[in-house]
Amino acid sequence: MEYQKVDGRKARGEKKRRAIVEATLRVIEREGVTGVTHRSVAREAGVPTTAPTYYYATLDDLLIATLLWSAEELCDEMLHVVATGSAREIAKCLAKAVDEHRGRTLAEYELYLLAGRRPELKPAARRWLDLAVELAKPADPVAFRAFLAAVDGLLIQGLIADVAPNEDELEPIVSFLIRGRDEFTAAPREE
């Protein structure tokens, strides 16, 4: 019976942690990283004001957890499409990221770029690239990383555009980028 109580407590703790990091990302969407405080995140998450500090002692701990969660979510949402989708499917995914999900994409890049100034955030910021390579298992990791760098560039360009590009505008660019994708995503050949 005691075992079930511990598991329930652990599950509630994980649920609260997730609510806190999701709330952190929403605060960043609305106010930027400078708007992130333990108090603002608690208010956004609907948890007691002490909860974010209990789970994440410092703001850096909170930002790192948010970066790691965001990387895993990004890989879950986009990796299959980016690694195996048609040019049209990838273009549609990118167009949604810079239009319909613009706030979230902007918040993720704000966190990502903050790592350039805050060394303690760098491993978490690199996590999505490492996770993407790990999950895709590309035959040519260098070519795959170059492709992901181009996707990053398209997303950043889309975020700073006066009007977000749509999938029709992105499709020819993506078609160009994935021309050799089969070579870098295929399993290595036995010789």
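**Close-up views of two pockets and a helix pair**

**View A. The second largest pocket of this predicted model, with the residues that line it.** The lining residues divide into five nonpolar, no polar and four charged. Glu14, Arg17, Arg18, Val21, Tyr56, Ala65, Leu68, Trp69 and Glu72 make up this lining, to which helix H1 (2–31) and H4 each contribute at least two residues. The volume of the second largest pocket comes to about 150 Å³.

**View B. The largest pocket, with a volume of about 490 Å³.** Among the 25 residues that line the largest pocket, Leu74, Glu77, Met78, Thr105 and Glu108 lie closest to its centre. Two or more lining residues come from each of helix H4 (59–84), helix H5 (87–98), helix H6 (102–114), helix H7 (122–136) and helix H8 (141–160), and H4 provides the largest share, with nine residues. By class, the lining of the largest pocket has 17 nonpolar, three polar and five charged residues.

**View C. The packing of H4 against H7, whose axes are 8 Å apart.** The two helices meet at an angle of about 30°; H4 and H7 are therefore roughly parallel to each other, and their crossing is right-handed. On the H4 side the contact is formed by Ile64, Leu67, Leu68, Ala71, Glu72, Leu74, Cys75 and Leu79, while H7 contributes Ala124, Ala125, Arg127, Trp128, Leu131, Ala132, Leu135 and Ala136. This contact of H4 with H7 comprises 14 nonpolar, no polar and two charged residues.

**View D. Residues of H4 that recur in these views.** Leu68 and Glu72 belong to the lining of the second largest pocket and also to the contact of H4 with H7. Leu74, likewise part of that contact, is one of the residues closest to the centre of the largest pocket.

Key
Residues are numbered from 1 along each chain as its sequence is written. This is a predicted model: local features need pLDDT of at least 70, side-chain atom pairs count only at pLDDT 80 or more; totals for chains, interfaces and linings use all residues. Side-chain values use heavy atoms; hydrogens and water are left out. On a 1 Å grid over the protein atoms alone, a cavity is a set of points where a 1.4 Å probe fits but cannot get out, and a pocket is an open set with protein on both sides within 12 Å along at least five of seven lines; lining residues have an atom within 4 Å of a point. Grid points are joined across faces, edges and corners, and a volume is the space filled by probe spheres set on the points. Helices (H or I, at least four residues) and strands (E, at least two) are DSSP runs, numbered from the N terminus. Ala, Val, Leu, Ile, Met, Phe, Trp, Tyr, Cys and Pro count as nonpolar, Asp, Glu, Lys and Arg as charged, and the others, Gly among them, as polar. Axes are lines fitted to C-alpha atoms, for helices over the stretch in contact, and angles run from 0 to 180 degrees between N-to-C directions. Angles under 35 degrees count as roughly parallel, over 145 as roughly antiparallel, 65 to 115 as roughly perpendicular and the rest as oblique. A crossing is left-handed if the near helix is turned anticlockwise from the far one by less than a right angle, and right-handed if clockwise. Contact means heavy atoms within 4.5 Å.
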